[in-house]
Amino acid sequence: MIPVNEPYIGEKEIEYVNEAIKTGWISSEGKFIKAFEERFAGYIGRKYAIAVNNGTNALILALKAMDLPAGSEVIIPSFTIISCALACIYNNLIPVFIDSEKETWNMDVFKIEGKITEKTKAIMPVHIYGHPVDMDAVFKIAKRHNLFIIEDFAEAIGSEYKGRRCGSFGDISCVSFYANKAITTGEGGICLTDDSRIAERLKRLRNLAFVPEKRFIHYELGFNFRMTNIQAAIGLAQVERIEEHVKRKVVIGKRYTMILKELEEKELIRLPVEKEWAKNTYWMYGIVLNSSSGFDAESAMKMLSEKGIQTRPFFYPMHLQPAFRSFSWFKEEDLPVSEKLYNYGFYLPSGLTLSEDNIRKVAGALKEIL
């Protein structure tokens, strides 16, 4: 079976983890935390980085640091991971869902203003599967309506918008280092910002809202979202090789596109795009079947599995999630692009260890069934 994604763990990761263990610094104290934060912030082009224990909690922490009134609305894409909506809900905020663009699969920025109300306080752009959102358009809307921007670039480490790295935009940007990301700490995440005041608040909130002068007196409620020194040790080794990881992702993506282009020309599938203003890192190589193919995602994935190829479905849209139906803010919506992406989209094996032979086998199997 060719797996969807396999992280690369090398000798440097083992060396750093062993050092952390041998020195006894294995929890949230130790030199690797600061080193990892500084190295990653430098790579993205941010002033401050605050490491946390996973990407979902990075988003929760970011919204908490904004001090938005309960009941405020945050605009997010419907086509995304549920973490984005959970970050709103766990902060007593209301997620407002936007449909996707047909080409990039990102939130349709031209539909944002139609969802803005007097309660709207923030926009959460999510760079889907490695392709950046049109951030200039997001910034114009945010400035016009005085909104915060919380950028989620978990799927776009190394991607660029007009020559600027994803993760360098907005009031706070958040990333995940889950095992399937371009670099990993197993579990883990980071919040980044250029605002020293926000950075200090993020640091305090992730650590139970301790204050240095009176450690066990708490003036607000915080979280235990700390990253361990062992996780950071892995992360530091990974970020030291980040350009290699990103380059490999791009090579895999472009190779798939080259081989599968004929299926797109026959109007059987749609492949990932790369806008002229973007660098797509193809975090996951997704395809969307056309109705003329005679397949939906579920049936095509089943046939590929029978050929020894692992695949994964696209995101189930947030506006259809059963878990949200009990909330007072939930309403029935028609967001057709997001729904079609789920019904007809899935992604192919995209791991860093994928070989040329693997790519050819996967592409060949897809051609065979279509």
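This briefing covers the overall fold, the nonpolar cores, the pockets and cavity, and the surroundings of one glycine. The model is predicted, and its protein chain contains 11 helices and 14 strands. A compact globule of 370 residues would have a radius of gyration near 21 Å, and the protein chain agrees with this because its own value is 21 Å.

**Overall dimensions and packing**

- Along its principal axes, the C-alpha trace of the protein chain extends over about 65 × 55 × 40 Å.
- Of the 370 residues in the protein chain, 56% are buried.
- When contacts in the protein chain between residues at least 6 apart in sequence are considered, 71% of them link residues at least 24 apart.

**Nonpolar cores**

- The largest nonpolar core holds 51 residues, and the members that touch the most other members are Leu 63, Val 74, Met 124, Tyr 129, Ile 150 and Ile 172.
- At least two residues of this core come from each of several elements, including strand 1 (48-52), helix 3 (55-65), strand 2 (73-77), helix 4 (83-89) and strand 3 (94-98), together with strand 8 (172-176), helix 6 (196-206) and helix 10 (336-344).
- Helix 3 makes the greatest contribution to this core, giving seven residues.
- Leaving aside residues up to four places away in sequence, Met 124 is in contact with Leu 59, Leu 63, Val 74, Ile 75, Ile 76, Pro 77, Cys 84, Met 107 and Ile 150.
- A second core, separate from the largest one, has 31 residues, among them Phe 32, Ile 33, Phe 153 and Cys 166.

**Largest pocket**

- The largest pocket encloses about 500 Å³ of space, and of its 26 lining residues those closest to the centre are Ile 81, Tyr 178, Asn 180, Lys 181 and Trp 283.
- Helix 3, strand 8 and strand 13 (312-313) each provide at least two residues of the lining of this pocket.
- Sorted by class, the lining of the largest pocket consists of 14 nonpolar, seven polar and five charged residues.

**Second largest pocket**

- The second largest pocket has a volume of about 360 Å³, and 16 residues line it, of which Glu 29, Lys 203, Arg 204, Arg 206 and Asn 207 lie closest to its centre.
- Helix 2 (31-44) and helix 6 each supply at least two residues of this lining, and helix 6 gives the most, with four residues.
- The lining of the second largest pocket comprises eight charged, six nonpolar and two polar residues.

**Cavity**

- One cavity of 30 Å³ or more is found in a search of the whole structure, and the largest cavity contains about 70 Å³ of space.
- The residues that line the largest cavity are Glu 103, Thr 104, Trp 105, Ile 128, Tyr 129, His 131, Pro 272, Val 273, Asn 280, Met 284 and Gly 286.
- By class, six residues of this lining are nonpolar, four are polar and one is charged.
- Two of these lining residues also appear elsewhere in this briefing: Tyr 129 is among the core members that touch the most other members, and the C-alpha atom of Met 284 is separated from that of Gly 253 by 8.2 Å.

**Gly 253 and its surroundings**

- Gly 253 belongs to helix 8 (residues 242-265), and it counts as buried because its relative accessibility is 1%, with the cut-off for buried set at under 20%.
- Gly 253 and Met 284 are 31 residues apart along the chain, with their C-alpha atoms separated by 8.2 Å.
- Not counting residues up to four places away in sequence, Gly 253 touches Tyr 282 and Tyr 285.

Key. Residues are numbered from 1 along each chain as its sequence is written. This is a predicted model: local features need pLDDT of at least 70, side-chain atom pairs count only at pLDDT 80 or more; totals for chains, interfaces and linings use all residues. Side-chain values use heavy atoms; hydrogens and water are left out. A nonpolar core is a set of buried Ala, Val, Leu, Ile, Met, Phe, Trp, Tyr and Cys residues joined through side-chain atoms within 4.5 Å. Buried means under 20% relative accessible area, exposed over 50%, partly exposed in between (1.4 Å probe, protein chains only). Contact means heavy atoms within 4.5 Å. On a 1 Å grid over the protein atoms alone, a cavity is a set of points where a 1.4 Å probe fits but cannot get out, and a pocket is an open set with protein on both sides within 12 Å along at least five of seven lines; lining residues have an atom within 4 Å of a point. Grid points are joined across faces, edges and corners, and a volume is the space filled by probe spheres set on the points. Ala, Val, Leu, Ile, Met, Phe, Trp, Tyr, Cys and Pro count as nonpolar, Asp, Glu, Lys and Arg as charged, and the others, Gly among them, as polar. The radius of gyration is taken over C-alpha atoms; the globule rule is 2.2 Å times the number of residues to the power 0.38.
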